[in-house]
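Me: I should like to go through this model by asking what justifies each structural term. Please set each value against the criterion that applies.

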Amino acid sequence: MTSEEDPLQPRPALGFVDAGRLGSSLAEALHRMGHKVVAFSRRDAGRVDVLAGRLGGDVVGTTDPQAVVAAADVVFITSIDDLLAQRAAELTFRRDQWVLHCSGATSVSILAPARNAGASTGGFHPLQTFPDDGGAARFAGVTFGVESEDTALLRWLRDTASGLGGRSVTLDDESRPLYHASAVMAGPMVSALTGLAADLWTEFGHDREQAVQALAPLLLGTAQHVSELGVPEAMTGPYVRGDLGPVLAHLEALERHGDETLKAYAALAMAQLPIAAERGNIPDDRMHELQRLLEGAMEGHAQT
């Protein structure tokens, strides 16, 4: 399909190259919507039958990405970012195809081999985590980063995001790194930060699993409050109050626990101070004292 043609019909034939956690979840979600998923490839031959069983029908499951390209009108390359350039270079595309990647950070220009063959190219990235390959129900309410110079393809991507129960924002090469950094900060880094927080519980006799179970309601409640109230209204704790006593206690305890955790805590606290200050509860002298304490902690020592 090309931008001069009618957007392929309502249900073009979809194929998924390297259908891992994201690709298999997206393939299944679009299949449930009534889209025509015709083929997918997986790098692990032992996992092909698993996805084929969920998609059913005449869907071709294979370890050969080129077989997917040959069968599909719309090709989703759902490889990891570091493999995208290799996949785009080694596959043979047609001029009537739409070829997409699902990376948040990578430029669509990496699909130049498909574009040089006459295909239209674009990006379709769900702002969501997929910890396993059974995430077909995880797209509702999700924002999708979409991109294409082909207006027909861009319209189809927006419609597809909407059909999955989501919304879309349009990306370009300049906005992609910031968009993806934002996603990493709000997703994977929160998971890692929870790990650091949970490890503190070992100091008073509990393991990480117990700590995560204790912290999980707090995480879920925070996410809900951010969604409902926005930032900074959802923020609680000593920093929005300008409350020095608890902060001093934190820094002194963390100094005993370990240098890296102390520095991580202090850097995050310093970075969020301007947002906390938007609540208007922190007197200037308290703000200066908080900054002094955190600057010292970022150097690896708590100050009194």
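Reply: One point comes first: this is a predicted model. Just after helix α13, G300 takes a positive phi of about 105°.

Me: How do you know that the length of α13 agrees with what a helix should span?

Reply: Helix α13 covers residues 284-298, which is 15 residues. The expected span is 1.5 Å times one less than the number of residues, and for α13 this gives 21 Å. The end C-alpha atoms of α13 are 21 Å apart, so the two values agree.

Me: Which residues of α13 are buried, and what covers them?

Reply: The buried residues of α13 are M287, L290, L293, L294, G296 and A297. Their cover includes α10 (238-241), α11 (244-257) and α12 (259-277). In general, residues three or four places apart point the same way because an α-helix has 3.6 residues a turn.

Me: What contacts does Q272 make?

Reply: Q272 belongs to helix α12. Its side chain reaches the backbone oxygen of A269 at 2.9 Å, and the limit for a polar contact is 3.5 Å. Leaving aside residues up to four places away in sequence, Q272 touches M235 and Y239.

Me: What makes β3 and β8 edge strands?

Reply: The open sheet has eight strands in the order β3-β2-β1-β4-β5-β6-β7-β8, with mixed pairing. The strands β3 (60-62) and β8 (167-170) each pair on one side only, and they are the edge strands. From one strand to the next, the twist averages 25°.

Me: How do you know that β1 and β4 are paired?

Reply: Two strands pair if there are at least two bridges between them. Four bridges join β1 (residues 13-17) to β4 (residues 74-77), and the two strands run parallel. Within this pair, V17 stands opposite I77 in β4. Helix α6 (residues 151-163) packs on the sheet, where the strands it touches include β1, β4 and β5 (98-101). The direction of α6 makes about 170° with that of β7 (143-148).

Me: What makes β6 a mostly covered strand, and how does it pair with β5 and β7?

Reply: Seven of the seven residues of β6 are buried, the criterion being under 20% relative accessible area. S120, G122, F124 and P126 point one way, whereas T121, G123 and H125 point the other way. With β5, the pairing of β6 is parallel over four bridges, and T121 is the bridge partner of V99. With β7, the pairing of β6 is antiparallel over five bridges, and there the partner of G123 is E147.

Me: Why are α7 and α8 called roughly parallel?

Reply: Helix α7 (residues 176-186) and helix α8 (residues 188-199) pack at an angle of about 30°, with their axes 3 Å apart. Angles under 35 degrees count as roughly parallel, and α7 and α8 are therefore roughly parallel to each other. A183, V184, M185 and A186 in α7 meet P188, M189 and V190 in α8.

Me: Why is T222 called partly exposed?

Reply: T222 is found in helix α9 (residues 208-229). Partly exposed residues fall between the cut-offs of 20% and 50%; T222 has a relative accessible area of 39% and is therefore partly exposed. The C-alpha atoms of T222 and P65 are separated by 42 Å, with their positions 157 residues apart along the chain as the separation.

Definitions and conventions: Residues numbered from 1 in each chain as written. Predicted model: local features only at pLDDT ≥ 70, side-chain atom pairs only at ≥ 80, totals over all residues. Heavy atoms only, no water. Buried < 20%, exposed > 50% of the residue type's maximum accessible area, 1.4 Å probe, protein only. Contact = heavy atoms within 4.5 Å. Polar contact = N/O pair within 3.5 Å; in protein donor to acceptor, adjacent residues only side chain to side chain. Axes fitted to C-alpha atoms, helices over the stretch in contact; angles between N-to-C directions. Parallel < 35°, antiparallel > 145°, perpendicular 65-115°, else oblique.
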